[in-house]
Amino acid sequence: MSSLVAHAPIAITSNADFTRANGVTGGKGTPANPYVIEGWEIDSPSAYGVYVANTTAAFAIRNVTVQSGYGYAGIQIRNATDGQIYDAKISSDVAVDYSARVSVTRVNMSGARLTAYQSADLRFANITEVGGVGILASSRVVFEDNDLPRFNTPVYFIGYDNRLAMNYTIVRNRFTPIAPWVVDVLSADGMTVAQNEFNGAELDVSGVRFSSIRNNSIHNTGQRGIWVFGSDTVDVSKNHFTGIRYGGALFVESSQNLTIRSNDFSNVSGGLYLWDSINATVDANRLIGAGIAVHGTELSQLATHSFGANNTVNGLPFAAYKDCSNVTLDGAAVAEVLIIACRGVRVHGLSIADVPMGIKLVSVTDAVIEANHLANISSESAIDVFGGNNVTVQTNSVTGSGTGLSVSHARDVSIIQNTFERNGMGAVVEETNDSRAYHNNFIHSGSYDQDQARQIACTNFTWDDGYPIGGNYWSDYKGVDANGDGIGDSPYMMAYPDGVDRYPVLLPQGRPPIWPVARMFTNNPAPVAGQTVLVSGELSTDEDGLVLAYNWDFGDGTRGQSIVTYHAFEHPGNYSVTLSATDNSGLTNTTSMLFNVGIPPPPSATFRVNMPQPLYPGVTAYFDAGESSSQYGSIVSYEWDLGDGTTATGPQVSHAFRTSGTFNVAMTVTDTHGLSSTSTLPISVAVIPEIPLVPYSHGSDFSLPVPASWVRSENERIGGATFDLILRGPVHDNFQTNILVDSISDATLREDRESMANLVSDLINQLRSDDPSLIVTEAPAYRTVSGHAAVGFAVQHWNSAVEQKVEIVVSEAHHRAWLLILSVRIDFYPLYNATVEQMVDGFVITAPLPIPGFLVPLAVAVSTVAGLLLIVYFVRRRSAKRPSLLSAAPPGYAVSTDSVAAQPGVCPHCGSRLQESYRFCANCGSPTNLGPQK
């Protein structure tokens, strides 16, 4: 293809278009002298390169290169006849549709596809680098000597649109896909597939009749080699199969009238499978590393095949008998056995292994299958009885197979003293009547518990021979033999429907039982005392049964019974731990392991302290050792040395140091092993700073020293009431420390001890009734202040974390009592208690003696940092003998100034009836704005 000339796309749509303008370089259009299109280099990105349609003249396209864009064939022949394409390089598809007598030869396709549809008398030969093939619904097609290297698109020769593919000849081609692929031959008559090489390509033949598949080489496929499905009258002969990794090398399914002859199988995972097919003739096939499997669910699918005497499997005969009598195979060297419609059969002493089918009897009467050994039968049941009657299967052993024994559609079958061990399924009996199975060993077969055998739709089939002969040995039987007769006290119920062995035996039959092997595992053979270790008997085994019981002796006086258990040795030392494993036959084996138990590490001692900073004498610090731990065991005691001569016990303690200084707090924990650990933390207690006081005088009523730096507020009105003096100090935890000084006028006030005690008692009772969290932290202390009786006490409001120091000075002559109240957060009370004491010691009454008249109650209020009020009302009724506390609001409580409908003599807040001249409601404690004001 030298000296090619660029040319536009060529489109010929009738005989008249074969002109020089359309690239025709010569010829007359006859078969002997066709029109010639040659010497062109055609690049057509948006149209066919060469398009010939609706012509009857003969033509030839040669010595050209053609490339078209996506969706366009390089050469498209449509409804044309007598065309030739040869000696060309075509980088885009070649398509032949509705045409006749067209040939494509000696063409390089550069990976493009070759297609044809509803055409006849086609020839495709010596084409290289074909990327894919699709020849549909055509007839008399020759596809020969073509090379399909690295194709990755479909290759198919098929009928289509209800039209059969007719008389295809596919010979001497090389099919080599990029990855395992399929070459399809479907819906076709008269196909010849011969002398091809399928390298990594599976040949699927479906719906094919009157065809032959001969002398092909099929190797290295991903699954099957040749699959023949739903086909009739097909000759599969002299093919060579190798390197087939999965499935049958030749898999014939649902087909009939096949001749399978002289095929060679080597290095394949599966050989020749006849599946649900009828009337196959199988002769002179040679299989190495695989075998022959015949499968069917109906008698015709098993009994209509004919096997010649010269099929071999792994160098041994495939023993096949049909329509005969008195067949005996006794110790014969055979690979597989298939006996069809025979009478008087004895199969004895055979060893069959590593093939897809073992011993299969189809419609056989009067047969004995005994003392055979079968292993690793991969496809069919190792022993398969389909149909027939009076069949005895006894003393055979089957291991490592899919199903050990299959019996179906048979009558009068005896299954006795066989061993089915480590198979996917032990035995399956289906639609079989008047039969029995007993004294067989079912060992470690089945996919789940009690699924070693299955019974399906049988009549009068028993899995035992009554008592005392008994039934079968089941390796997964979990029952017991309380009376020691060797038969389980409960039946073996098969997981799959219908099957019941009423008298399962506890020992294997015909062979001695195998003792279990006890094996112990631990995650730590050298623990410390108190450390939990895992011990497991899961590695224990029983070759012919099931380990049912695991008994542990830990060597320290304790025992266990689980397959996996956890144990902690209480004390250090060496302990021999023994495991006893008992199987379902009652046999026990023991094993021991030495545990070297060491001394555990001491516990970890740690504690946290929660205290204000700085910490002052009298302020409580809280200690918490809850994060202390013992790695093995538990902590049994917490001992505290608080560094100031005091001690305490328990995981959480609190303590107030009475003096300043540094105290080494030590906490010691002791665990269940008696091991101890100590943690020490220095605690600094600061000196309480002295609060400077300055003299203060309030009019002509009283004088006392007050904190110099605190904010003073005289005669402050709060909630409609006026207070003599409010002192506001530092803020702690969002609460402003304050001291309130005010007075109460009451002609019944007395200075004797009893009256003073009653006054204090009433006040505390009233406070507690309004605040149940209240506790008295300092008992009343009586003394003389400014020549008059005085008393002081302290209370804590736990709900609000506020502590109040109340000092009362009573002047019987003045008919008055002066109150001094400190309100502060509980933790900071010690900082100000001494200051209050100094203020009380310096308190002097300067008020003149009163003029008789009505007495007025007074409210006492404490301001918070936010300006809200903690209000304590002390109200003295005119007729009362002693003062009473009516209400104590919590911190942050703001006295509302909103009023209900104002009415004379009615509380504007709650509507209660008011006592005359009272400034606070006796019911709710709210200011009334009534009566005389200061």
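Two strands count as paired here if DSSP finds at least two bridges between them. Keep that in mind, and remember that what you're looking at is a predicted model.

Let's start with a stretch where strands follow one another along the chain. Find strand β80, residues 788–797. On one side of the pairing story is β81, residues 802–811: nine bridges join β80 to β81, and the two run antiparallel. If you want one rung of that ladder to look at, Q796 has E803 in β81 as its bridge partner. The hairpin that β80 and β81 make has four residues between the strands, and A801 takes a positive phi near 55° there.

Now go to the other partner. Strand β79, residues 774–785, also pairs with β80 in the antiparallel sense, over nine bridges. Here V776 is matched with V795 of β80. These two strands form a hairpin as well, with two residues between them, and S786 in the turn shows a positive phi of about 55°. What holds strands like these side by side? Strands of a sheet pair through backbone hydrogen bonds, either parallel or antiparallel.

So how many residues of β80 are buried? It's 10 of the 10, so the strand is largely enclosed by the rest of the structure. Look at the way the side chains point: H788, A790, G792, A794 and Q796 go one way, while A789, V791, F793, V795 and H797 go the other way, and all are buried. Step just past the strand and things change. W798 is found in the loop between β80 and β81. With a relative accessible area of 45%, W798 is partly exposed. It teams up with Y622 and I775 to make a nonpolar surface patch of about 280 Å².

Stay in this region and follow the charges. Side chains of opposite charge can pair when their charged atoms come close. E837 and K805 form a salt bridge, with their closest N and O atoms 2.5 Å apart. This pair links distant parts of the chain, since E837 sits in helix α3 and K805 in strand β81, 32 residues apart. Are the two partners buried or exposed? K805 counts as buried at 2% relative accessibility, whereas E837 is partly exposed at 23%. There's a wider web here too: E778, R783, K805, E807, E837 and D841 are linked in a network of salt bridges.

Helix α3 covers residues 830–841, and N833 is found in it. Leaving aside neighbours within four places in sequence, N833 is in contact with E778, K805 and L822. For a sense of scale, try S325: its C-alpha atom and that of N833 are separated by 123 Å, and the two residues are 508 apart along the chain.

That brings us to the other end of that line, where you can hunt for a disulfide. The structure holds one, and it joins C324 to C342, with 2.4 Å from S to S. The link is right-handed, with 90° about the S-S bond. C324 lies in the loop between β38 and β39, and C342 in the loop between β40 and β41, so the pair ties together parts that are 18 residues apart in sequence. C342 counts as buried, at 3% relative accessibility.

Back to charges for a moment. How many salt bridges does the structure hold? There are 37. One of them pairs D384 with K360, the closest N and O atoms being 2.6 Å apart. D384 lies in strand β46 and K360 in strand β43, so the pair ties together parts 24 residues apart in sequence. Both D384 and K360 are buried. Compare D434 and R411, whose side chains meet in a salt bridge at 2.5 Å, N to O. D434 is in strand β53 and R411 in strand β50, 23 residues apart. Here D434 is partly exposed at 33%, and R411 is partly exposed at 43%.

One more charged residue deserves a visit. D451 is in the loop between β54 and β55, and its relative accessible area is 0%, so it is buried. Apart from its neighbours within four places in sequence, its contacts are M425, S445, G446, D476, Y492, A495 and Y496.

Finally, take a look at an open sheet of three strands, in the order β74-β75-β83, with antiparallel pairing. β74 and β83 stand at the edges with a single partner strand each, so one side of each is left without a neighbour in the sheet. Six bridges join β74 to β75, and V694 stands opposite V706 in β75.

Conventions: Residues are numbered from 1 along each chain as its sequence is written. This is a predicted model: local features need pLDDT of at least 70, side-chain atom pairs count only at pLDDT 80 or more; totals for chains, interfaces and linings use all residues. Side-chain values use heavy atoms; hydrogens and water are left out. Buried means under 20% relative accessible area, exposed over 50%, partly exposed in between (1.4 Å probe, protein chains only). Contact means heavy atoms within 4.5 Å. A disulfide is a pair of cysteine sulfur atoms within 2.5 Å. Patches are made of residues with over 30% relative accessible area and no salt bridge: like charges are joined within 9 Å, nonpolar side chains (Val, Leu, Ile, Met, Phe, Trp, Tyr) within 5 Å. Accessible areas come from the Shrake-Rupley method with a 1.4 Å probe; for residues, only the protein chains shown count as cover. A salt bridge is a side-chain nitrogen of Lys or Arg within 4 Å of a carboxyl oxygen of Asp or Glu.
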